[in-house]
Amino acid sequence: MNQRFSGMVAVITGGAGGAGRAATLRFAAEGASVGIIDIQTQAGEQLVSEIEAAGGQAMFVEADVSQAPAVKKAVDEILQRFKKVDILFNHAGTLIVKPFLETTETEWDWLMAVNVKSMFLMSQAILPSMLEAGGGIIINTASISSMTAAPMESLYCTTKGAVLQLTRAIAVEFRDRGIRCNAIAPGFIRTPHGLREMEECTALGVDFTEADMAKLQGRFCEPEEIASVAVFLASDDASFINGASITVDNTWTAAT
Ligand SMILES: NC(=O)c1ccc[n+]([C@@H]2O[C@H](COP(=O)([O-])OP(=O)(O)OC[C@H]3O[C@@H](n4cnc5c(N)ncnc54)[C@H](O)[C@@H]3O)[C@@H](O)[C@H]2O)c1
């Protein structure tokens with residue numbers, strides 16, 4: 001495979017599972033050393049072995065990216081081993097499917113922390129070293145829920161709307177210091193997250209069965225199709241794309 005990230009370091013949160021895992025494999029296959037941050041230790045360590053067996057370089061650090069001390073420790077460990085970070089892919093995130101009136105304050109604070117504060121913490125931890133090196137790339141996983149809303153997902157939609165604005169704000173503030181910050185906004189991806197979302201929404205009467213999903217976006221998005229967009233955004237091919245969001249939904253939002 002093309003080694004366009006040879007000599008570069010990519011940090012991927014949520015990099016041990018779902019589309020994050022696919023991105024970890026893709027960045028490693030294209031020559032990057034990858035720092036995987038996730039709460040799934042076994043999956044993360046297995047992935048490192050897989051990458052090393054294929055001749056790549058990776059390290060796993062267990063951390064809950066919604067927690068400031070854990071983020072600081074994880075980033076310190078990665079910087080100690082790889083010395084720099086060229087690419088930060090803030091992919092970790094999760095979902096609460098619930099009627100708005102039943103959503104608790106605790107759930108609100110928790111999901112905002114996992115989906116949004118995590119990107120604030122990770123970006124704040126890594127940006128100084130990127131600025132010192134003269135630039136870097138940040139990619140945030142948003143969602144089509146950043147732009148469109150679905151019933152039972154008010155909290156999730158709020159977090160993803162915030163991710164989009166954080167992306168734009170970082171791009172605007174740091175453009176002239178060599179930083180590109182963009183978002184990926186997927187529709188349904190065939191991952192534990194996507195499958196759970198369909199199941200829980202359908203159970204609450206939202207039209208997200210597999211047949212509905214086929215109408216909305218034709219078929220499931222595969223995790224590798226998100227990884228492809230991430231490597232594109234991280235590459236020089238995307239050199240003039242900054243503060244943007246790439247929708248990856250096979251027409252879902254185009255048709256709404
Ligand atoms: N799957 C979809 O249909 C879909 C659609 C749009 C956006 N997204 C977004 O993609 C991201 C993850 O989705 P996926 O589909 O790859 O899901 P996934 O659930 O398969 O994987 C998420 C990964 O993030 C990790 N993670 C979760 N919370 C974490 C935390 N606090 N700290 C560190 N790691 C944590 C998990 O362990 C897992 O490895 C989320 O940001 C989600 O909002 C998913």
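These questions and answers concern a predicted model of a protein chain with a ligand.

Q: What makes the protein chain as compact as a globular protein of its length?
A: The chain holds eight helices and seven strands. Its radius of gyration is 17 Å, and the globule rule gives 18 Å for 256 residues; the two values are close, so the chain is as compact as a globular protein of that length. Along its principal axes the C-alpha trace spans about 50 × 40 × 35 Å. Of the 256 residues, 48% count as buried. Among contacts with a separation of 6 or more, 73% join residues 24 or more positions apart.

Q: Why is Pro186 called buried?
A: A residue is buried if 20 or more other C-beta atoms lie within 10 Å of its own. Pro186 has 25 such neighbours inside 10 Å, so Pro186 counts as buried. This residue is found in strand E6. Leaving aside residues up to four places away in sequence, Pro186 touches Ser143, Ile144, Cys221, Ile226, Val248 and Asp249. The C-alpha atom of Lys215, 29 residues away along the chain, is separated from that of Pro186 by 16 Å.

Q: Why is Thr251 called exposed?
A: The cut-off for an exposed residue is 12 or fewer other C-beta atoms within 10 Å. Thr251 has 12 C-beta neighbours inside that distance, so Thr251 counts as exposed. Thr251 is placed in the segment after E7.

Q: How do you know whether Asn250 is buried, exposed or partly exposed?
A: Partly exposed means a count between the two cut-offs, 20 or more for buried and 12 or fewer for exposed. Asn250 has 17 other C-beta atoms within 10 Å, so Asn250 is partly exposed. Asn250, too, lies in the segment after E7.

Q: What is notable about phi in Asn250 and Thr251?
A: Most residues other than glycine have a negative phi. Asn250 is not a glycine, yet its phi is positive, about 50°. Thr251 also has a positive value, near 85°.

Q: What makes the sheet open, and which strands are its edges?
A: Seven strands form the open sheet in the order E3-E2-E1-E4-E5-E6-E7, with parallel pairing. Strand E3 (57-62) and strand E7 (245-248) are the edge strands, as each pairs on one side only. From one strand to the next the twist averages 15°.

Q: How do you know that E1 pairs with E2?
A: Two strands pair if at least two bridges are found between them. Five bridges join strand E1 (residues 9-13) to strand E2 (residues 33-38), so the two pair, and they run parallel. Val11 has Gly35 as its bridge partner in E2, and Ala10 stands opposite Val34.

Q: Why is E1 called largely enclosed?
A: Five of the five residues of E1 are buried, so the strand is largely enclosed by the rest of the structure. Val9, Val11 and Thr13 are buried on one side, and Ala10 and Ile12 on the other, which leaves both faces covered. Helix H4 (residues 105-133) lies across E1, strand E4 (87-90), strand E5 (136-141) and strand E6 (179-186), at about 175° to E4.

Q: What makes up the shell around the ligand?
A: The ligand is surrounded by 28 residues, and the closest are Gly14, Gly17, Gly18, Gly93 and Gly194. The shell divides into 10 nonpolar, 15 polar and three charged residues. Helix H1 (18-29) and helix H6 (192-203) each supply at least two residues of it, and H6 gives the most, with four.

Technical notes. Residues are numbered from 1 along each chain as its sequence is written. This is a predicted model: local features need pLDDT of at least 70, side-chain atom pairs count only at pLDDT 80 or more; totals for chains, interfaces and linings use all residues. A residue is near a molecule or strand if its C-beta atom, placed from the backbone, lies within 6 Å of it. Ala, Val, Leu, Ile, Met, Phe, Trp, Tyr, Cys and Pro count as nonpolar, Asp, Glu, Lys and Arg as charged, and the others, Gly among them, as polar. Axes are lines fitted to C-alpha atoms, for helices over the stretch in contact, and angles run from 0 to 180 degrees between N-to-C directions. Two residues are in contact if their C-beta atoms, placed from the backbone, lie within 7 Å. The radius of gyration is taken over C-alpha atoms; the globule rule is 2.2 Å times the number of residues to the power 0.38.
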